[in-house]
Amino acid sequence: MSVATETPVAGIADAHKAGDWLLIATAVLLCVWVLLPIYLLIVNALSSPDQVTAFPKRFFPSFDLGSLSFFINFAGVARALWNSVIVATLTMILAIGFGAPAGYALSRFDFPGKGTFRFLVLMTRAFPLPLLALPLAVMFIRTGLDDTAIGLALVHTTLALPFAVLITFSLFSGIPVELEEAAWTLGCTRWQAFRKVILPLALPGIAASAVFAFTISWNEVFAAAVLTIENRTLTAFLLQSLGESPLYLKFAGGAALVVPALIFIFAVRKYLFAMWGIANR
Amino acid sequence: MAEIAIKGVAKRFGGFTALHQVDLTIADQEFMVLLGASGCGKTTLLRIVAGLERPSQGEVWIGGRRVDHLPPRERGIAMVFQNYAVFPHLTVFENIAFGLRMKKLPQQEVERRVNRTAELMHIEQLLKRYSGQLSGGQRQRVAVARALAMEPDVILMDEPLSNLDALLRLEMRAELKGVLAASKTTTIYVTHDQVEAMSLADRIAVMHQGRIVQSASPVEVYRNPAARFVGSFIGNPPMNFIPATKAENGSWTVAGLTLSGPKSDKPRIEFAIRPEDVDAGGEGLRATVRVIEPLGPHTLVTCDVEGGLFRAILDSNASVQVGDDLRLAPKPDRIRWFDPETANAL
Amino acid sequence: MHGKALPYLLLMPATLFLCIFFLYPFALVAFEAVTRDGAFTFDNFRTMAGSWKFPVTVRNTLLLAAIVVPIQLTMALLMASVVSRLETGRSAALYVFAIPLGISDLAAGLIWLAIFDQSGFLNTLLSSLGVVDRPVMFLGYQSKLTIFIAVALAEIWRATAIMMVILVAGMGLIPKEYYEAAEVFGASPWQRFVRITLPLLRPSLQTAIILRVILAFEVFAVVAALGGTNLPVLMGETYNWQFTLQDRNVAAASALLILAISIGFTLFFLRVLRVPKEARI
């Protein structure tokens, strides 16, 4: 008797266990799918130039810094890296500087024109923004912004601004307005309440969206290739040298693109899916 | 002196009128409760007094000064919000000290006041904690302490107890009453809970659809409701209303009983009596028992009177059965009459 | 405190910025596309369409999108489901799956170059397994099909995270009680997925698909890294017109074509995946 009554319960438990194993197996498989290619790039980057072009390849890095040192010392690379940093930093500052006030206004106020502004921001997403680099190239030549870090930063800010607005909008909306109201009743002006109450609470999120803006700029290819010639950023440099550069250079360059991005995304991982998810709704 | 005068205040949001020309005077150190259901405009009125909303019309005076064009920080008020609004990034100490620091008070004075109000609200042991580490009730106390520390002329409270569980609400209610009486500030307290209103208020202003229907002491509001709404809103179980038809010689007939009533041109008016103000037996309203609920201290009997629902509170010893025909005699001085159209007392 | 002008002041920098760096260049592109030497004409479109490469370019771009997006959608749903179900290791899995968000499309191209290159890891693996005797030229001039596959793989690898993140956020909004109720009423896990998850996910699906489709038409650097000039796509050809062939007007026409296709598909998906407000969560 007891055997008959035990089996159904055990059966369900087994089914659950099998489901769990399947879940974990799938998760691991997907992780490998994402991580393996990056690992392979790093292997190449950390191998000597001969090993990079050799066949067959070894699946382990030899930790030879030959490729990387060739890369750094290659003409123009160090400057390209530095240009990328400058452009990305400028983009970050501009995107947050323009975007955060707009995000605050959208979250706290109701006013005519609110819908229009939101529509404008949304429209920028429907448009392949890098294409704007084409007419801007001409405009920049005329205004002397051509081939400057600030010029490219302005284009990248156009890319990053909609995100900055939408992300700060959801950030500020998540902070109850009662906190500001309480501060007003306790003696604060609007600006003081913002500075003392809202800003400390929003800072992590704002920092995360700043890093996100930085990453967008760091990774952008088309506009950088279009708008920079002498002062190339890393992406422009790598793109334009694709035809002639040796393999080990390509891979070292790829690693230089990837590793900072990995670090950035790790730094903002808490806000990652909240940001993208909310920003796209 | 922190007398509050609300003169002809109206508030419209787009096409919707939240407040229709409200007038109210609150004496210095009076505890005024704004009571009403959701959407009646009580919170809007409070926020207008606080300066968090601008009135579409009318004036607000605090302590003899006209304040409706001033921001909250210049009105001499402190406020306790429904969700407490305790700053999450500051310790309890810094929360309570926030307003004092904004006033640039010397450190000694800040510490004195914070410690005093923390003791008052029994949270001295929590001063170093952050809001995330506190329970709802504790956060509530921090919010009250923060307001009291300002030593304001006026304290405004927006349903401060409604997010607490029932037992905590009971405790806090008693505590608040004591603390606020001792602080000698004028208080405006908003709630939808009529028990809270009855327990705490010096005066209750009952609000309905953007108007103040009656403002009087709790006993007065309970015994002499100025409008049908007040009678039905206050008291649990609520007041009973039965139609009364005109009889000869200025009398009125209600459910088989003839009583003397007010003078009126109308052929039908409304008779109202509270459940606890009827006795079983003798000359009374004809009632058929439908549901009997023995509640312990008394028995709640739901009856059919003139085709409508009638609740009576009877002694727990009363022997009644479902289906019984009863006579419910109303206590004569507790009978109230209402005009069926204007809903005002007659 | 209630200054009526405040919200407008806060919005002004962002609005001005978008007007100057988005609306204005947008108008310029439109203008350039329909003029030549100052005269209004459709010649630019004719030139673009008349180029021998044009049919191939359009076909490649559309075909790539048609193949990649559905696969990515499936994978994104899979990843999102895995993340939503995982308890231990959920944030780690989320971070790993989201890593490609921070990776430049150029870097992604280079990563998969390391795999598909003649001396790359795929060849190494194949020859060590004995499948081939000599390394295969996957990315050569003759092997258009394998280039296409490599690009498709790289795109799937790179851009799935974009959709996944949106879907994870959308799934997070579905209250657990709906699943529990369905389970009580006898629905299997698959049925629960099809009857509850998918319908309630429609708004997120709509956003994810539209965003991904628009980005798919912008594919540029991945193709450049893997195929060079062997796999022409619209964005790459636009770049060509502007810089190699030095014809700004045709480049602008090409840009407008990309825009038109993007808008067309956006409207299509907005209609097809519409969810009335009352039917949302």
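A residue counts as buried when its relative accessible area is under 20%, and this cut-off applies throughout the following views of the predicted model.

**View 1. Overall make-up of chain A in the predicted model.** By the cut-off just given, 56% of the 281 residues of chain A count as buried. Chain A has 13 helices and 0 strands, so that its pattern, read along the sequence, is α-α-α-α-α-α-α-α-α-α-α-α-α. Among the contacts in chain A with a separation of 6 or more, 68% join residues that are 24 or more positions apart.

**View 2. The largest nonpolar core, centred here on Phe97(C).** This core has 285 residues, and Phe97(C) and Leu106(C) are those with the most contacts inside it. Helix α7 of chain C, which spans residues 144–172, gives the core its largest share, 18 residues. When neighbours within four places in sequence are left aside, Phe97(C) is in contact with Ala27(A), Leu30(A), Cys31(A) and Val34(A) of chain A, and with Met79(C), Val82(C), Val83(C), Ala161(C) and Met164(C) of chain C. A second core, separate from this one, has 25 residues, including Leu259(B), Ile273(B), Ala312(B) and Leu328(B). In soluble globular proteins, nonpolar side chains tend to be buried together.

**View 3. An aromatic pair between two helices of chain A.** Over all chains, a search of the whole structure finds 29 aromatic pairs. In one of them, the ring centres of Phe214(A) and Phe264(A) lie 5.0 Å apart and the planes meet at 80°, which is over the 60 degrees required, so the pair counts as edge-to-face. The pair links distant parts of the chain, since Phe214(A) belongs to helix α9 (residues 190–219) and Phe264(A), 50 residues apart from it, to helix α12 (residues 247–267). Both Phe214(A) and Phe264(A) are buried.

**View 4. An edge-to-face pair in chain C, formed by Phe268(C) and Phe269(C).** The two rings are 5.2 Å apart from centre to centre, with 70° between their planes. Phe268(C) counts as partly exposed because its relative accessibility is 46%, whereas Phe269(C), at 17%, counts as buried.

**View 5. An aromatic cluster in chain A and two arginines over rings in chain B.** Tyr104(A), Phe109(A), Phe172(A), Trp191(A) and Phe194(A) together form one aromatic cluster. In chain B, Arg228(B) lies over the face of Phe241(B), at 4.0 Å from the ring centre, and Arg274(B) is placed over the face of Tyr222(B), also at 4.0 Å from the ring centre.

**View 6. The largest pocket, lined by residues that include Leu23(A) and Ser81(C).** The volume of this pocket is about 1700 Å³. It is lined by 36 residues, of which Leu23(A), Ser81(C), Ser84(C), Arg85(C) and Arg192(C) are the closest to its centre. The elements that give two or more residues to the lining are α1 (2–45) of chain A and, from chain C, α3 (54–85), α4 (90–98), α7, α8 (176–184) and α9 (189–200).

**View 7. The surroundings of Gln242(C) in helix α12 of chain C.** Helix α12 of chain C covers residues 234–243 and holds Gln242(C), which has a relative accessible area of 7% and is therefore buried. Not counting residues up to four places away in sequence, Gln242(C) touches Leu134(A) as well as Asp247(C), Arg248(C) and Ala251(C).

How values were computed. Residues are numbered from 1 along each chain as its sequence is written. Chains are lettered from A and ligands numbered from 1 in the order in which they are written. Side-chain values use heavy atoms; hydrogens and water are left out. A nonpolar core is a set of buried Ala, Val, Leu, Ile, Met, Phe, Trp, Tyr and Cys residues joined through side-chain atoms within 4.5 Å. Buried means under 20% relative accessible area, exposed over 50%, partly exposed in between (1.4 Å probe, protein chains only). Helices (H or I, at least four residues) and strands (E, at least two) are DSSP runs, numbered from the N terminus. Contact means heavy atoms within 4.5 Å. Rings of Phe, Tyr and Trp (its six-membered ring) pair if their centres lie within 6.5 Å; planes under 30 degrees apart count as stacked, over 60 as edge-to-face and the rest as tilted. A charge sits over a ring if NZ of Lys or CZ of Arg is within 6 Å of the ring centre and within 35 degrees of the ring normal. On a 1 Å grid over the protein atoms alone, a cavity is a set of points where a 1.4 Å probe fits but cannot get out, and a pocket is an open set with protein on both sides within 12 Å along at least five of seven lines; lining residues have an atom within 4 Å of a point. Grid points are joined across faces, edges and corners, and a volume is the space filled by probe spheres set on the points.
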